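Okay, thanks everyone, I'll keep this short. Let me put the sequence and the structure up, and then we'll walk through it together.

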Amino acid sequence: MTDKKSDARSAAIAAGIILLVATAVLYLMPNVIVWLGNISPWLGTGFGVLVILAFFFVFWLRARYQRRNGS
């Protein structure tokens, strides 16, 4: 059996890493969208949609992992 304190720490570290990466990506996203939009408006729009979907996809995967492992 795993230690509850260790599980809580692991979850906090994972949440912190996800938050830092999401903050960095969302901070840089407008500049990347404008840059890609100069090439093609569809490319800029597609990138924005993919970034937002990836944000939710990460949390969906994390919830699925936790359900599977009974956490």
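Let me begin with a question: which residue just after H2 takes a positive phi? That's Gly-70, and its phi is about 70 degrees. Before I go on, please keep in mind that this is a predicted model.

Right, the overall picture. The protein chain has 2 helices and 0 strands. Its radius of gyration is 17 Å, and the globule rule gives 11 Å for 71 residues, so the chain is more spread out than a compact globule. If you take a box along the principal axes, the C-alpha atoms fill roughly 55 × 20 × 10 Å. As for burial, 10% of the 71 residues are buried. The exposed area of the chain is about 6,100 Å², with 72% of that supplied by carbon and sulfur atoms.

Now the helices. H1 covers residues 4-39, and H2 runs over residues 41-68. How far apart are the end C-alpha atoms of H2? They're 40 Å apart, and that agrees with expectation, because 28 residues at 1.5 Å a residue should span 40 Å. If you're looking for buried positions in H2, Gly-44, Gly-48 and Val-51 are buried.

Two distances give you a feel for how the chain is laid out. Start with Arg-9, which sits in H1. Arg-9 counts as exposed because its relative accessibility is 61%, and the cut-off for exposed is over 50%. Arg-9 and Leu-43 are 34 residues apart along the chain, and their C-alpha atoms are separated by 39 Å. Then take Val-58, over in H2. Val-58 and Ala-22 are 36 residues apart along the chain, yet the C-alpha separation there is 10.0 Å. Val-58 itself is partly exposed, with a relative accessible area of 36%.

Okay, on to the surface. Which residues make the nonpolar patch? They're Leu-26, Ile-52, Phe-55, Phe-56 and Phe-59, and together they give a patch of about 450 Å². H2 contributes the largest share, with 4 residues. Ile-52 is in H2, and at 37% relative accessibility Ile-52 counts as partly exposed.

That leaves the phenylalanines, so let's zoom in on those rings. The count of aromatic pairs comes to 3. One of them is Phe-55 with Phe-56, an edge-to-face pair at 5.6 Å centre to centre, with 80 degrees between the planes. Another is Phe-55 with Phe-59: the ring centres are 5.3 Å apart and the planes sit at 75 degrees, so that pair is edge-to-face too. Phe-55 and Phe-59 are both in H2, 4 residues apart, which is about one turn of the helix. Put the ring pairs together and you get a cluster linking Phe-55, Phe-56 and Phe-59.

Are these rings buried or exposed? Well, Phe-55 is at 32% relative accessibility, so it counts as partly exposed. Phe-59 is partly exposed as well, with a relative accessible area of 39%. Phe-56, at 54%, counts as exposed.

So, if you rotate the model yourselves afterwards, I'd look along H2 for two things: the buried Gly-44, Gly-48 and Val-51, and the ring cluster of Phe-55, Phe-56 and Phe-59. That's what I had, and I'm happy to go back to any of it.

Note on methods: Residues numbered from 1 in each chain as written. Predicted model: local features only at pLDDT ≥ 70, side-chain atom pairs only at ≥ 80, totals over all residues. Heavy atoms only, no water. Patch = residues over 30% accessible without salt bridge, like charges linked within 9 Å, V, L, I, M, F, W, Y side chains within 5 Å. Areas by Shrake-Rupley, 256 points an atom, 1.4 Å probe, with all protein chains shown as cover. Salt bridge = Lys/Arg side-chain N within 4 Å of Asp/Glu carboxyl O. Buried < 20%, exposed > 50% of the residue type's maximum accessible area, 1.4 Å probe, protein only. Expected span 1.5 Å × (residues − 1). Rg over C-alpha atoms; globule rule 2.2 N^0.38 Å. Phe/Tyr/Trp six-rings, centres within 6.5 Å; stacked < 30°, edge-to-face > 60°.
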